[in-house]
Amino acid sequence: MEHLLPAFELLLQPAVIVALLIGSVGGVVIGAIPGVGPAVAIAILLPTTFIFEPLVGLSLLLGIYGSSMYGGALPAILMNTPGTAVNALTTYDGYPLTRKGQAQRALGLAYSASFFGAVVSIISLVVLMPVLAKVAPMFGSREIFLAALFGIILMILTHRGQVFAAGMMTCFGILLNTVGMEPINYTQRFTFGQSWLSSGVNLVVVVLGLFALSQAFLLLSGSDKHVEPQKISGSVFSAMREFWQHKRVAAVSSGAGVGIGIIPGVGEFVSQFVAYSYASRTSKTPEQFGKGAPEGLIASEAANNSVPAAALIPLLALGVPGESLTAMMLAVFYVHNVVPGPQLLTGQMDFVIALYLALLFLNIVALLFLLGSTKTLIRVINIPNRIVGTMVLLFSFVGVYSLRNSLTDCLIATGFGLFGAILKRLNIPIVPIILGMVLGGIMEAKFRSAMTRIQSPFDLFDRPISAVLIIAIVGLLLMALRTAAQHYRRHCT
Amino acid sequence: MQEKTGIEQPSVNVLKMFRRERRRGDFVFAVAMLVFSLFLLASFPSQTTRAEFTAWSAQPTLWPAIAVIGMVIFAVLNLLGSVMSPRIPGRLKELRVWLGFTEFAGWFIVYVLLVPVLGYLPMSLLMAVALFWRSGYRSRKMLGFAVLMGLGTVLLFKTGLRVNVPGGAVYEWLPAGLRNFLIVYF
């Protein structure tokens, strides 16, 4: 309570409110356009936020991050095309409802579930914050190193069917982070005698290339697919009342989103699948799943929208981002010399609470905006791919060039754009490169400082959190081996 | 014959574990990544320097070594997965798609090179119109929309958010008042 009023004061600054409004509304629109998505938008806007105060910049990016999934549900339900990747599961039950002529019902359920998931996660995390503030200072260098290592291993293992590619990309990201002058011993690493590589590879440039430029290249070289969205009529409010009949599914799904969202490296996809399979297992009509089950739609939307608030926890408490979007936000913190980690929670709790209040506010704005603009947004969904591609290309220029007015940055970003486009064509994950870059840097620094206090490997177990993290890492690897053995027995013998 | 099959079966079965979803061009990419990883491994001694009187945990070579060795191991496993998975024909077609991306990379580079010469506003308008034209949107209405898109981008980022994009060299030829106005806002 003592932090609540100062947090409100921070939040009620006009610039913060404007940033939140633009971010929330912009996020819904961006989410509704298939082929753009929050990662592209945040990558483009990232350098422009460096001129703002940290809370203003973060509010803008949080607005896009938190509200894009609302917008993404729209084309998922009406056109069977998810606006953002995390809305893919929404198509399973959302589109069949639309085909049954119940588009308004599907939209109402999706909006309610999204809002419910977001609010539950924000409230639970604000309530949990005092506990986190006590636990976070128990994380020293070795714990943060182990948490980052745990996140990286988990992220690689969650890419089922692409584990080796994800591992390769993660290592590539770690390598990219090491390129340039090493900051302690001042030795060159992988610069190949090129002066432009001495200062290293800029994370923002890589992000812009991999997410924004690659998407522009893909959209511009593809063809325009026109899918006529179903006409909608009536009101979404009756569906919002119906949502309460499924409050158990919504609550469990939101809980899954919060619990899984906190773990670095996992995010929306896993929480959605956990929530969806729970809803299917406990439903009285499991045969309806995939054919228009309201519980399926609610599980998917509640779970994915409860993740953003939870994903901020490892970032704020430990300085360890859980996925690419929070990794990009870490860059905003660093630019403003706000160092996320235990000190932030203990020293600047007002700022942290203000971020969560901002998340709550943006969810309200996004919901109200959607309720009033769904029919207008349907036109936005249908913007042809190549026009969206042109827009992304023009915007990407601002992102890369405004950083340092450097032609070299633009060339590097173009190279990563080409690489990213090929990766997307091959369905090889891009996020591990970014997390490898960010977590690789954190691991290198923390490992170096932790090892000065460690005499033998047993010292790792003399602190409870590091012992738990080591057990978790070993358990994770054993589980992966067990899964591989089961796979071998089932499919290969 | 029986004996031979009996010997080969376990290793073949283990390799089956590497099967995964494979798209067109997967093999080419897997080979390219392995070659790249091996190149990095071969370059490792010349591209890193060990620090004297420094513990192994603080060596500047440690993390590049972890990254490069990790890349090689995963690249080998990824290639194995590609070889063991059912192939979808169309490798050359896919390579042509990849080459197609370079056209738009070229457009982007031209944009980057010409902004400091012609200015942000003129180049954004030109770029938007040219890309619309290239995409087949050539009606007056669509080209008008392209102009609005270029103008909107400049108004949003340079005029509104005042992002750091320099004025064009051609602005120098304009009268002083107009030149300053254009440099600051467009």
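Helix axes here are lines fitted to C-alpha atoms over the stretch in contact, and angles run from 0 to 180 degrees between N-to-C directions. In this predicted model, helix 8 of chain A (residues 163–178) and helix 3 of chain B (residues 62–84) have axes that come within 8 Å and cross at roughly 155°. Angles over 145 degrees count as roughly antiparallel, so helix 8 of chain A runs roughly antiparallel to helix 3 of chain B. The briefing starts with this helix pair, then widens to the chains.

**Helix 8 of chain A against helix 3 of chain B**

- The crossing of these two helices is left-handed.
- From helix 8 of chain A, the contact takes Phe164(A), Ala165(A), Gly167(A), Met168(A), Cys171(A), Phe172(A), Ile174(A), Leu175(A) and Thr178(A).
- On the facing side, the residues of helix 3 of chain B include Trp63(B), Ile66(B), Val68(B), Met71(B), Phe74(B) and Leu77(B).
- Gly70(B), Asn78(B) and Gly81(B) are also among the residues that helix 3 of chain B brings to this contact.
- By class, the residues of this helix contact are 16 nonpolar and 5 polar, with no charged ones.

**The interface between chains A and B**

- Chain B puts 58 residues in contact with 57 residues of chain A.
- Six elements of chain B give two or more residues each to its side of the interface: helix 1 (2–16), helix 2 (26–47), helix 3, helix 4 (91–118), helix 5 (120–134) and helix 6 (140–160).
- Helix 3 of chain B supplies the largest share of that side, 12 residues.
- The side of chain B that touches chain A divides into 36 nonpolar, 17 polar and 5 charged residues.

**Chain B as a whole**

- Chain B has 7 helices and 0 strands.
- Its elements run α-α-α-α-α-α-α from the N terminus on.
- The radius of gyration of chain B is 27 Å, whereas a compact globule of 186 residues would have one near 16 Å.
- The C-alpha trace of chain B spans about 90 × 60 × 25 Å along its principal axes.

**Domains of chain A**

- Chain A is divided into domain 1 (4–453) and domain 2 (456–493).
- The centres of these two domains, taken over C-alpha atoms, are 28 Å apart.
- Domain 1 of chain A gives 11 residues to their contact, and domain 2 of chain A gives 9 residues.
- The side of domain 1 that touches domain 2 in chain A has 9 nonpolar and 2 charged residues, with no polar ones.

How values were computed: Residues numbered from 1 in each chain as written. Chains lettered and ligands numbered in written order. Predicted model: local features only at pLDDT ≥ 70, side-chain atom pairs only at ≥ 80, totals over all residues. Helix = DSSP H or I, 4+ residues; strand = E, 2+ residues; numbered from the N terminus. Parallel < 35°, antiparallel > 145°, perpendicular 65-115°, else oblique. Left-handed = near helix turned anticlockwise from the far one by under 90°. Contact = placed C-beta atoms within 7 Å. Nonpolar A, V, L, I, M, F, W, Y, C, P; charged D, E, K, R; others polar. Domains from an automatic or database assignment. Rg over C-alpha atoms; globule rule 2.2 N^0.38 Å.
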